[in-house]
Structure formats: structure tokens, C-alpha cells
Amino acid sequence: MQSISDPYEEPPMCVVNTALSVMAYDYPTEKLSVYVSDDGGSKLTLFAFMEAARFAAHWLPYCRKNKIVERCPEAYFKSHHSSFDPDFDQIKMIYESMRARVENAVQTGTIHCDYITNEGESEAFSRWTDEFTPHNHPPVVQVLLERSKDEDVTGHMMPNLVYVSRGKSMNMPHNFKAGALNVLLRVSGTLTNAPVILTLDADMYSNDPQTPLRVLCCLVDPAMDPKLGDIQFPQMFHGIN
């Protein structure tokens with residue numbers, strides 16, 4: 001779960017990398033769902049995640065096949081270089097192509113018609129009318145991947161990926177990130193109702209594919225406090241100024 005306030009303050013590719021790092025967890029796919037909270041209500045962010053859903057069909061099996069640990073694509077490509085591995089070169093080319101389309105859309109503020117691949121995507125973007133603003137718009141819930149029908153390039157099922165932008169009105173308090181998280185909990189409770197929830201900020205990717213298992217080890221350990229309900233992982237910060 002992630003919250004984005006503005007596609008220019010929090011670039012969509014940063015958020016996409018965070019989502020991909022958890023979509024690629026070593027965890028049963030039928031038990032994994034990723035929800036993205038776009039509190040800025042931007043069609044550019046929705047477009048970025050449509051692109052991410054397509055890239056994930058290549059990235060997830062690549063991570064499984066090569067036992068990748070750093071499953072945030074941007075971090076992985078920065079720390080690894082081609083060693084004449086055709087799989088590496090191909091997955092990096094697919095990633096760079098996706099990034100170019102997303103960054104072009106953000107830079108121009110428009111989504112080129114060539115980037116829209118089906119009628120469902122076109123219908124999703126039609127919700128952004130002239131009256132739709134970041135502070136005044138109806139709710140948007142878009143299922144981008146559904147594990148019961150979507151498969152990666154190797155035929156494995158994909159985890160659920162759901163875009164959520166809560167409805168906003170100038171006449172009602174929004175309660176900032178807490179309000180966005182409350183809506184996300186209600187939507188996820190209706191669609192998948194998972195007993196364990198991981199909350200990530202937009203720019204906070206997961207660097208360990210075993211994270212869900214480490215959480216469960218704490219939650220089911222009989223030696224732990226039976227009232228334990230929250231686990232905080234340590235964070236590493238980059239680019240501090």
C-alpha cells in the first residue's frame with residue numbers, strides 16, 4: 001500500500017519501483033495483493049501503473065528465475081551491469097522503454113493515444129473530465145491485474161494490482177494521509193480482506209523478497225506477545241541533504 005500526493009513531487013516511476021519490489025515477493029501469489037493510493041488523483045499515475053502491470057509480466061519471472069534479491073528494478077539495474085547475459089539485456093530494455101513512456105507522459109502532461117492499448121484503458125481515462133481536479137473529484141478504483149485471469153510471460157498467475165484514488169470534495173476534510181489509508185483499508189477489505197497488511201510510502205521500496213515470511217515469523221511465534229499487532233522494519237535512507 002502506498003500513497004502519492006502529486007506526480008511531479010513524487011514521480012510515478014519512483015512509486016512504480018516501490019510497487020514492483022513487493023509484487024515480486026517470494027510469497028504465494030494467491031495471497032498477495034498490492035494497492036496503490038493516489039491521493040493526487042492523477043491520470044498520469046494511473047497510466048504509470050498500467051505500464052507497470054505490463055512490465056511486471058516480465059519482471060516477476062525474471063526475479064524468480066535468477067533468484068534476484070534487489071527486486072526494485074531501478075536499484076537492481078544501478079548495481080548490476082550486463083555480462084553478456086541476453087536475459088539481462090532484454091529485461092533492462094523493456095524497463096527503459098516503459099520508463100521513457102511514463103516520463104514522457106509526465107513531462108508533457110498528456111498520454112499519447114499510442115500508449116493506450118485497449119478500450120478498458122481508454123474508458124478508465126475518460127473519468128478525468130474538465131471538472132476533475134486533485135481536490136474535487138469522484139472516487140476511482142481500477143483493477144489493473146487480477147490473479148484469477150492475468151498471467152506473466154511464463155504462464156504464472158500475477159498478484160492483484162489495484163489503483164485507488166479516494167473521492168474528494170472542497171467542502172469536506174480529507175485528513176491527509178490517514179484519510180487516504182482509511183479508504184485504502186476499506187477498499188482492500190471489500191476486495192481481498194487480507195489479515196496482514198504492509199504499508200509503504202511511495203518512495204520506500206522493499207529490499208528483501210522474504211519480508212512477508214519474516215513478518216509472519218514474528219506474528220505466529222508463540223514466544224511473542226499475543227497482542228502484537230504492528231511490526232516496524234528498519235529503514236535505509238539515500239540521497240539525504
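User: Which residues of H1 are buried in this predicted model?

Analyst: Buried means under 20% relative accessible area. In H1, the residues that meet this cut-off are Pro 12, Met 13, Val 15, Val 16, Asn 17, Thr 18, Ala 19, Leu 20, Ser 21, Val 22 and Met 23.

User: Is H1 largely enclosed by the rest of the structure or exposed, and how many of its residues are buried?

Analyst: Helix H1 covers residues 12-23, twelve residues in total. Because so many of them are buried, H1 is largely enclosed by the rest of the structure; the count is eleven of the twelve.

User: What distance does H1 reach from its first C-alpha to its last?

Analyst: At 1.5 Å a residue, a span of 16 Å is expected for H1. The model comes close to that, and the reach is 16 Å.

User: How many disulfides does a search of the whole structure find?

Analyst: A disulfide needs two cysteine sulfur atoms within 2.5 Å. The cysteine sulfur closest to that of Cys 217 is in Cys 218, at 6.9 Å, which is too far for a bond. Cys 217 is exposed at 54% relative accessibility, and Cys 218 is partly exposed at 28%. Over the whole structure, the number of disulfides found is zero.

User: Which elements give two or more residues to the lining of the second largest pocket?

Analyst: The second largest pocket has a volume of about 440 Å³. Its lining has 22 residues, and the closest to the centre are Ser 5, Asp 6, Pro 7, Gly 40 and Pro 134. The elements that give two or more residues are strand E1 (2-4), helix H2 (43-66) and helix H6 (176-191).

Methods. Residues are numbered from 1 along each chain as its sequence is written. This is a predicted model: local features need pLDDT of at least 70, side-chain atom pairs count only at pLDDT 80 or more; totals for chains, interfaces and linings use all residues. Side-chain values use heavy atoms; hydrogens and water are left out. Buried means under 20% relative accessible area, exposed over 50%, partly exposed in between (1.4 Å probe, protein chains only). On a 1 Å grid over the protein atoms alone, a cavity is a set of points where a 1.4 Å probe fits but cannot get out, and a pocket is an open set with protein on both sides within 12 Å along at least five of seven lines; lining residues have an atom within 4 Å of a point. Grid points are joined across faces, edges and corners, and a volume is the space filled by probe spheres set on the points. Helices (H or I, at least four residues) and strands (E, at least two) are DSSP runs, numbered from the N terminus. The expected span of a helix is 1.5 Å times one less than its number of residues.
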